[in-house]
Amino acid sequence: MGIIRVKNIKLYSNHGCMVEESKIGSDYVVNIKVKTDLSKSVKTDNLVDTVDYVSIYSIVKEEMSQRAKLLEVVVQRIIDRILEEHETVQSVRVNVAKKNPPIGGEVEEVSVERKGKRKKE
């Protein structure tokens, strides 16, 4: 097993419950950590034998572009896609942070983090 991280993916999107958030949008930072079997890729040195971090980035970008009221929903969509599209991933942790949230006070960010695991068959 091994760990692949894609850190500090910076995106702009329009998530949130307030109407203003759907129009104005916010900056977001996403962090991904996947636990996967790297035993084959360390021997073959072949991209098809590992989890391509370009694919992880693409999943994050696509899911972040689809508006949701709650960050929890976006986080779960990212987890589901990674597990669906990468069969060697055993678990994935996703953290999505909204920078400067509109909560009427000085707050750097709010974030939601969840972990998903592959179901044993």
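Me: What should the 15 residues of H4 span at 1.5 Å a residue, and how far apart are its end C-alpha atoms?

Reply: The expected span of a helix is 1.5 Å times one less than its number of residues. Helices (H or I, at least four residues) and strands (E, at least two) are DSSP runs, numbered from the N terminus. For the 15 residues of H4 the expected span is therefore 21 Å, and the end C-alpha atoms lie 21 Å apart, which agrees. This is a predicted model: local features need pLDDT of at least 70, side-chain atom pairs count only at pLDDT 80 or more, and totals for chains, interfaces and linings use all residues. Residues are numbered from 1 along each chain as its sequence is written, and side-chain values use heavy atoms, leaving out hydrogens and water.

Me: Which residues of H4 are buried, and against which elements do they pack?

Reply: Buried means under 20% relative accessible area, exposed over 50%, and partly exposed in between (1.4 Å probe, protein chains only). In H4 the buried residues include Leu71, Val75, Ile78 and Ile82. The buried residues of H4 pack against E2, H3, E3 and strand E4 (109-117).

Me: Which residues have the most contacts inside the largest nonpolar core?

Reply: In soluble globular proteins, nonpolar side chains tend to be buried together. The largest nonpolar core here has 27 residues, and Ile32, Ile82, Val92, Val94 and Val96 have the most contacts inside it. Such a core is a set of buried Ala, Val, Leu, Ile, Met, Phe, Trp, Tyr and Cys residues joined through side-chain atoms within 4.5 Å. H4 gives the most to this core, with 7 residues.

Me: Is serine 91 buried or exposed?

Reply: Serine 91, found in strand E3, is buried, with a relative accessible area of 10%.

Key:
Contact means heavy atoms within 4.5 Å.
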